[in-house]
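Here are a few notes to read with the structure open beside you. Take them one point at a time.

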Amino acid sequence: MVPFLTGLQTAKRRIRSGQLEKMVRKMAEKGGLGVVMEIARRVEDTGMKLGDVGVTREIMWGAVWRCMNSGYTEEAVRDGAKFVNAIWEMLSEERHVDKTIRGRDGDPKTNPEIAGVVMWMRAVQSTLFSESKDPDDQVKKAVETVLAVWKNADLKINEEGRGWYDANHKLLMWAPVWHGMKISRKILGQNTSLGRDLTSTITLDLEPTIQKAIEVLSRNDNTKRRGLGFYEMLEKAKIG
């Protein structure tokens with residue numbers, strides 16, 4: 001895939017964002033996150049910038065999918081945490097995100113659904129393989145990051161037209177964050193300041209959005225949607 005994208009870049013042929021998203025999704029489903037990482041690292045050659053929010057979402061969802069699909073093996077969770085942390089760090093590089101939009105609209109780091117996957121991964125790793133302890137405050141820092149940009153959360157579901165499409169997309173966006181917040185709350189303590197903030201966000205924002213999305217999907221058709229599949233797999237895991 002790297003030579004293919006490099007060839008397009010050399011020929012000055014741009015690949016559309018939607019095509020890149022689909023490509024990343026297929027690679028993730030086939031266990032190709034290492035290839036995705038290489039493409040991102042060689043951005044000057046491949047042209048795949050993590051500043052594209054849609055592409056970065058798919059990369060993060062791919063990491064969630066790999067962990068879920070593995071049955072949360074220690075290797076998959078460890079590699080997943082390393083992967084999303086590396087992607088998160090690359091989002092600070094100017095070759096991916098122009099400094100003029102750093103911290104503003106268009107910067108993927110200001111999107112809570114992206115920061116939320118980092119939180120989810122760290123919380124899962126802590127719960128399953130560190131006895132729910134957070135000695136280096138990695139879970140705490142991730143939670144603080146998500147809450148700091150929560151004002152940017154797009155929670156409204158558009159029920160007009162293809163309402164199922166938006167509902168499915170919202171489940172993809174928010175199911176990992178919802179799950180990550182629930183696990184993080186147990187790690188940090190429900191009666192701590194952050195624990196209470198998480199409870200408020202889960203109860204007032206995330207749970208109503210998720211239930212609304214499920215309702216919209218259930219009355220539109222019986223087709224198995226990707227977002228609903230994510231939610232059901234996360235709920236079934238019973239982690240924490």
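1. Let's start with Leu147, which sits in helix H8, the stretch covering residues 138-148. Keep in mind that this is a predicted model. Leu147 and Asn111 are 36 residues apart along the chain, and their C-alpha atoms are separated by 11 Å.

2. What is Leu147 in contact with, leaving aside its neighbours within four places in sequence? Look for Met181, Leu194, Asp197, Leu198 and Thr201.

3. Met181 turns up again where two helices meet: in H9 it is one of the residues that H7 meets. Try finding some of the others, including Trp120 and Val124 in H7, and Trp174 and Ile183 in H9. Sorted by class, the contact of H7 with H9 has 12 nonpolar, six polar and one charged residues.

4. Now for the geometry of that pair. The axes of H7 (residues 112-129) and H9 (residues 163-188) come within 8 Å, crossing at roughly 45°. That angle makes H7 oblique to H9. As for handedness, the crossing of H7 and H9 is left-handed.

5. Next, have a look at the largest nonpolar core, which has 76 residues. Which of them touch the most other members? They are Met48, Ile59, Tyr72, Phe83, Trp150 and, once more, Met181. H9 supplies the largest share of this core, with 13 residues.

6. Finally, pick out Ile59 from that group. If you skip its neighbours within four places in sequence, Ile59 is in contact with Met48 and Phe83, and also with Val24, Leu33, Val36, Leu50 and Ile87.

Definitions and conventions:
Residues numbered from 1 in each chain as written. Predicted model: local features only at pLDDT ≥ 70, side-chain atom pairs only at ≥ 80, totals over all residues. Heavy atoms only, no water. Axes fitted to C-alpha atoms, helices over the stretch in contact; angles between N-to-C directions. Helix = DSSP H or I, 4+ residues; strand = E, 2+ residues; numbered from the N terminus. Parallel < 35°, antiparallel > 145°, perpendicular 65-115°, else oblique. Left-handed = near helix turned anticlockwise from the far one by under 90°. Contact = heavy atoms within 4.5 Å. Nonpolar A, V, L, I, M, F, W, Y, C, P; charged D, E, K, R; others polar. Core = buried A, V, L, I, M, F, W, Y, C linked by side-chain atoms within 4.5 Å. Buried < 20%, exposed > 50% of the residue type's maximum accessible area, 1.4 Å probe, protein only.
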